[in-house]
Structures are given as structure tokens and as C-alpha cells.
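Trainee: Could we go through this structure together? I'd like to hear the reasoning behind each label.

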Amino acid sequence: MQIASKQPLWCIGHSGTEVMMNLTPATGRRMKFYFEWYKLRPIDVDWGDGKHQTVAANNSEGAAYVTHDYPRYGKFRLRAVDVRGLSFSEGDGWVQDEPYMNAVTSVVDYGGTLTRLDSGGWKGCANLERFIAPGSTWMGQRTFYNCRKLKEVVLGKIGIHYDGSFENCTSLEDYTTVSTGQCWSYIFRGCTKIRELRLGNVTQFATQDFQNTPNLMDIWIDGKTVEQIKQVASSGNIASGYGAKFPWNANANCRFHGTNGIVLGNGTIIHS
């Protein structure tokens, strides 16, 4: 009897981390990425134009900027094997508003090695529509801030979200994660299209995490009662980052789903 593969369909036949790009006169033909080595293994890069490059781990930082000049405009697929981190910037504000950042349309990690999503790493990428990193465990601040075409995100067991992870991602509709962990401020602020969030385990929310999310009507949280979500239980409540309280600016009719029922954004508890 044949046993069906447990791999997602989008993963079959692929490996490494793939970046889809569309180079135009507006973006230019030079791309510059920030690579972080996975377990200090050399990174094999296929630039998608017939050129290959091995990026050796040659510094104590475990990371480096790598530049590549493409021979022409057009669509290309970069594939990098053994990357722990892949982005445009090593920190929020270090690199921003560069034309080449608008060339990227999709990032998919098939190898499960992409664990770090650096602060400001994809901030303001105007044409990024898809980001799939099921092995990710760490999210910096404003990683996807102002990615206004970003529609689909898949994450892993995230332990912490620093400020503004998805702030102003106005096209975000499909969000999948294993766990969310500790949230600081403005995580989903301005995600005006998102309708539901299945967040897995959550230990903290903070200031205005759900502000200006008019279509967000359902939030599922694992392992918490509605009293713990509302922060009125005797113990085990979701923590208040910066003193922020339930419902963290979610709309009044938003349904927070707990283990024993629903609590609305207006505070009404409906036990199951």
C-alpha cells in the first residue's frame, strides 16, 4: 500500500529557500540580500540566471550582505540552501527604501532552515505578496511593516513578535502559524482585510495589537479560557505588555475563541 506524503503540496519537488523576483527599470538589475548561515554551513546560491555562488561562513557574525548583478530585466527565481536568515536588512532602518527591494514578489522556504525573520528585513517591500517560512521561530520588529501587497503568510512556532510585525499590511488575508508566543505592540495594526487569526499559543498582547482591523471577527487562542483571555481569571491570564488590556483595540464584535467559549471584544462572555 502506498503511503501518502505528509509534505504540503507546495513543498513537493522543491528544496532550499526560493525568492521570486521581477526586475524592471524601476528596481534595477542589482540585488543585495542579507544572508545568515544555518549552523555555519556554506550557503549554496543559485541566482536563477545561470550563475551559482557558494557563500562561505567567513566571519564571527554568521551573516553577510551579498550582491548580484543580473544580465537583464525580467523574472528570476533565486534558490539558497542552508540559510538561517534571508532578508534585505540586518536590523530595522539599516537598509530601507532601496529600489531593488520592490523586485521580490514571493519567498518560500522549503528546507525548514529559515528560522530568523530579522527586524525590518522585508519592511516596505511594495510587491511582496507571499511569505512562507514554516520553520520560523523568531520575529523582529517591523519585519513586514508596510508590505501593502502581502496576502499570504505561513509561520512556525514563533516565540516572540516584536513591535509592528505586520503593521499596515493592508492586503493580508491568509495567515497561518503554529504558535504566536509573546506579542509586543502594533502586531496586526492596520491589517484592514484580515478576517480571522488562528494564533496557537499566546502568552502576551500589548498596545494596539488589533487597532484598525475592521474585518477581523475571529481570533482563536490555544490553551486559554475566555476568562484568561479577558484577563479576569485568578491565574494564567494573557499578560499585558506595556499595561495594555483586553481587547487590545479589536473591534467590539470580534470573537476571541478560548477553550470554554467565546468572549467578544466588548467583554461579553458566551460559554460553550
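Mentor: Here is a walk through the labels, with each value set against its cut-off.

Mentor: Ground rules: this is a predicted model, where local features need pLDDT of at least 70, side-chain atom pairs count only at pLDDT 80 or more, and totals for chains, interfaces and linings use all residues. Residues are numbered from 1 along each chain as its sequence is written, and side-chain values use heavy atoms, with hydrogens and water left out.

Trainee: How do you know what confidence the chain has on average, and where does pLDDT stay under 50?

Mentor: pLDDT is the predictor's confidence in each residue, from 0 to 100. The chain has a mean of 93, and 94% of its residues reach 70 or more. Residues 1–7 stay under 50, with one contact (heavy atoms within 4.5 Å) beyond four places in sequence. Residues 9–13 are also below 50, yet that stretch has eight contacts beyond near neighbours in sequence.

Trainee: What makes S89 count as buried or exposed?

Mentor: Buried means under 20% relative accessible area, exposed over 50%, and partly exposed in between (1.4 Å probe, protein chains only). S89 has 0% relative accessibility, so it counts as buried. You'll find S89 in the loop between strand 7 (83–87) and strand 8 (104–109); strands are DSSP runs of E, at least two residues, numbered from the N terminus. Leaving aside neighbours within four places in sequence, the contacts of S89 include Y34, Y65, W94 and D118. A polar atom of the S89 side chain also lies 2.6 Å from the backbone oxygen of G91.

Trainee: And which label do L40 and N168 get, buried or exposed?

Mentor: L40 has 55% relative accessibility, so it counts as exposed. N168 has 18%, so it counts as buried. Phi is positive in L40, near 60 degrees, and also in N168, near 65 degrees; neither residue is glycine. L40 sits in the loop between strand 2 (30–37) and strand 3 (43–46), and N168 in the loop between strand 13 (160–161) and strand 14 (174–176).

Trainee: What is omega for the bond joining F246 and P247?

Mentor: Omega is about 5 degrees, and the peptide bond is cis.

Trainee: Why is R116 with E36 called a salt bridge?

Mentor: A salt bridge is a side-chain nitrogen of Lys or Arg within 4 Å of a carboxyl oxygen of Asp or Glu. R116 and E36 meet at 3.1 Å, N to O, so the pair fits that definition. R116 is in strand 9 (residues 116–117) and E36 in strand 2, 80 residues apart. At 23% relative accessible area R116 is partly exposed, whereas E36, at 4%, counts as buried.

Trainee: How many salt bridges are there in the whole structure?

Mentor: A search finds twelve. Among them, K123 pairs with D92 at 2.9 Å, N to O. Another, E152 with R130, has its closest N and O atoms 3.2 Å apart. E152 lies in strand 12 (residues 152–154) and R130 in strand 10, so the pair ties together parts 22 residues apart in sequence. E152 is partly exposed at 25%, and R130 is partly exposed with 25% too. Shared partners join E36, R84, R116 and D118 into one network.

Trainee: Which residues have the most contacts inside the largest nonpolar core?

Mentor: M21, F33, F144, F166 and F256, in a core of 66 residues. A nonpolar core is a set of buried Ala, Val, Leu, Ile, Met, Phe, Trp, Tyr and Cys residues joined through side-chain atoms within 4.5 Å. Not counting residues up to four places away in sequence, F166 touches M139, F144, L150 and I187, among others.

Note on methods
Helices (H or I, at least four residues) and strands (E, at least two) are DSSP runs, numbered from the N terminus. A polar contact is a pair of N or O atoms within 3.5 Å; within protein, one must be able to donate a hydrogen and the other to accept it, and residues adjacent in sequence count only if both atoms are side-chain atoms.
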